[in-house]
Amino acid sequence: MSEVVAAVRELLPVLRERAQETEDLRKVPAESIDALRQAGFFKLLQPVAHGGLEADPLDFYRSVRLIASACGSTGWVSSVLGCHPWQLGLFAAQAQQDVWGADQDARISSSYAPMGRATPVDGGFRFTGRWSFSSGCDHASWVFLGGLVLGDDGNPVDFRTFLLPISDYKIEDVWDTVGLRGTGSNDILVDDVFVPEYRTLSFQDTGKCVCPGHEVNTSPLYKLPFASVFSYSIATPVIGMATGAYETHTSYMQERVRASYGTKAAEDPYSQVRVAEAASEIDAAWLQLEYNISTAYKHVNAGEKVPFDLRMRIRRDQVKATGRAISAVDRLFENSGGKALNAGTPIQRFWRDAHAGRVHAINDPERALAMYGKSELGLKVQDAWL
């Protein structure tokens, strides 16, 4: 859906202008979310049966990169909220109807850490817990929450995602951070509510790529592994932030005069090297993502499962992508001079936002790289995020 990507590109100037407002509000302005809705962004990965576009996933990631290059927080929230319609497509048909039956523009936030405790009862579960880091929850009327299903002996027997309407949870405003300040990633509180079984999805099913939603959503798009799709929805905003930092930096450096030497910064060969290094890191991060996702998409379009070694490579390159993006932002920031420290400048905001994005659990480099290394050395790998 290149027209959606083009519509998103047209929004970049206003999103860039609102970047400081977004940070000051500690959440993305409603006007920005609505503009992205009108552009069709949130429909990219949504099933056609519920008014979506079922687009090529690369169109989604390209859009996210663009948004994050204008405002890191807006890019982060857009990516998370924009990925969730794809995940809802994996749930049972009734769960999809519950969300989209009355409103095809309904949005879902999330917090996947297994902080909830679910006790089986007739028809579903009693569910309780508290979760942190639900980005964009102020713009959502539903939430995905991670929880452990407890057996009769009180020990966990399954790890599931639970889908709840806003009437079943409370949002506690706790988000006050040094980076990604505009994501509104607040806490979600649930106190002993009933969740019907059809509004849950086991990570065992997502890991096998065999989910209830496949009965109604037969597009190859929904045969992609959950961990592959979601992990890149977390890496891509960081690449976008590095892209925005690069664009901001190169424009600034063309006008900057180094006070210490009285020469134009653009003529400094050391500055030129730093710019080249940053550009290469950003390109490498993006090109690997593009190649991996397009290769995975070719497999599912051919009616094949995504090979295990490709799933491993996707996770490997996802954490390497965030690392490369961080390296690029760091090089650009240290090349920007003392004025980069001023509050309100784009370069310091991108620097803080990118580092904040890096600490998301799925961007943990050692965990993903160790999984890849184990696999390459012939050892068995089991992980919910693979």
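Which element gives the most to the lining of the largest pocket? That's strand E1, which chips in five residues. Keep in mind that you're looking at a predicted model. Here's a quick tour of its two largest pockets, starting with the one that holds about 810 Å³ of space.

**The largest pocket**

- A total of 33 residues line the largest pocket.
- If you want to find its centre, look for Phe 133, Val 359, His 360, Ala 361 and Ile 362, the lining residues that lie nearest to it.
- Several elements each supply at least two lining residues here: strands E1 (108-121) and E2 (124-134), plus helices H5 (72-88), H8 (226-253) and H11 (346-358).
- As for chemistry, the lining of the largest pocket splits into 19 nonpolar residues, ten polar and four charged.

**The second largest pocket**

- This one comes in at about 170 Å³ in volume.
- Its lining is made up of Phe 203, Gln 204, Gly 207, Phe 308, Arg 311, Val 381, Gln 382, Asp 383, Ala 384 and Leu 386.
- Two or more of those residues come from each of helix H7 (203-208) and helix H10 (308-334).
- Helix H7 has the largest share of the lining of the second largest pocket, with three residues.
- Sorted by type, the lining of the second largest pocket has five nonpolar residues, three polar and two charged.

Conventions. Residues numbered from 1 in each chain as written. Predicted model: local features only at pLDDT ≥ 70, side-chain atom pairs only at ≥ 80, totals over all residues. Heavy atoms only, no water. 1 Å grid on protein atoms, 1.4 Å probe; cavity = no way out; pocket = protein on both sides within 12 Å on 5 of 7 lines; lining within 4 Å. Points joined across faces, edges and corners; volume = space filled by probe spheres on them. Helix = DSSP H or I, 4+ residues; strand = E, 2+ residues; numbered from the N terminus. Nonpolar A, V, L, I, M, F, W, Y, C, P; charged D, E, K, R; others polar.
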